[in-house]
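Please open the structure in a viewer and keep the selection panel at hand. The tour proceeds stop by stop.

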Amino acid sequence: MTTRIAFLGLGVMGYPMAGHLARHEAFEVTVFNRTLSRAEQWAGEHRGNRAETITKAVSNADVVLTCVGADPD
């Protein structure tokens, strides 16, 4: 069974963390980042998808992970 993961926040820590998850066959990772080009870069390097909005990223997720640098984010 595949676990669908939405990963929000691709900063210094989030980018590699989402990448590690994407390496596992059991996970289907979809990422979202405020800066769309960062999410596009990630999707070009890793097995996974990018979403243009948070809503799209989490809509079918079994698990939602966030890695953001400030509480308002």
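The stops below take the sheet, the crossovers, the nonpolar cores and the salt bridges in turn. The model is predicted.

**The sheet**

Begin by selecting the strands. Four of them form an open sheet with parallel pairing, and their order is E3-E2-E1-E4. E3 and E4 are the edge strands, since each pairs on one side only.

Next, display E1 (residues 3-8) together with E2 (27-32). These two strands pair in the parallel sense over six bridges. Select Ala 6 to see one such position: the bridge partner of Ala 6 in E2 is Thr 30.

Then move to E3 (residues 49-50). E2 and E3 pair in the parallel sense over two bridges. Here Val 31 stands opposite Arg 50 in E3, and Arg 50 will return at a later stop.

**The crossovers**

Add helix H1 (14-22) to the view. The chain passes from E1 through H1 to E2 in a right-handed β-α-β crossover. Now add helix H2 (residues 36-45). With E2 and E3, helix H2 makes a β-α-β unit that is right-handed.

**The nonpolar cores**

Which residues make up the largest nonpolar core? Select Ile 5, Phe 7, Leu 10, Tyr 15, Ala 18, Leu 21, Ala 22, Val 29, Val 31, Ala 39, Trp 42 and Cys 67, the 12 residues of this core. E1, H1, E2 and H2 are the elements that each give two or more residues to this core. H1 supplies the largest share, four residues. In soluble globular proteins, nonpolar side chains tend to be buried together.

Centre the view on Ile 5. With its neighbours within four places in sequence left aside, Ile 5 is in contact with Leu 21, Phe 27, Glu 28, Val 29, Thr 30, Val 63 and Leu 65.

A second core, separate from the one just shown, has five residues. Among them are Ala 6, Leu 8, Phe 32 and Ala 51.

**The salt bridges**

How many salt bridges are there to inspect? The count comes to three. Side chains of opposite charge can pair when their charged atoms come close.

Select Arg 4 and Asp 62 for one of these pairs: their closest N and O atoms are 3.0 Å apart. Arg 4 lies in strand E1, whereas Asp 62 lies in the loop between helix H3 (54-58) and strand E4 (63-66), so this salt bridge ties together parts that are 58 residues apart in sequence. Are these partners buried or exposed? Arg 4 counts as partly exposed at 36% relative accessibility, and Asp 62 is also partly exposed, with a relative accessible area of 42%.

Return now to Arg 50 and display Glu 40 beside it. The two side chains meet in a salt bridge of 3.6 Å, N to O. Glu 40 belongs to helix H2 and Arg 50 to strand E3, so the pair ties together parts that are 10 residues apart in sequence. Glu 40 is partly exposed, with a relative accessible area of 38%, and Arg 50 is partly exposed at 30%.

Finally, add Glu 52. The side chains of Arg 50 and Glu 52 meet in a salt bridge as well, at 3.7 Å, N to O. Through shared partners, the salt bridges join Glu 40, Arg 50 and Glu 52 into one network.

Notes: Residues are numbered from 1 along each chain as its sequence is written. This is a predicted model: local features need pLDDT of at least 70, side-chain atom pairs count only at pLDDT 80 or more; totals for chains, interfaces and linings use all residues. Side-chain values use heavy atoms; hydrogens and water are left out. A salt bridge is a side-chain nitrogen of Lys or Arg within 4 Å of a carboxyl oxygen of Asp or Glu. Buried means under 20% relative accessible area, exposed over 50%, partly exposed in between (1.4 Å probe, protein chains only). A nonpolar core is a set of buried Ala, Val, Leu, Ile, Met, Phe, Trp, Tyr and Cys residues joined through side-chain atoms within 4.5 Å. Contact means heavy atoms within 4.5 Å. Two strands pair if DSSP finds at least two bridges between them. A crossover is right-handed if, with the strands pointing away from the viewer, the path from the first strand over the helix to the second runs clockwise.
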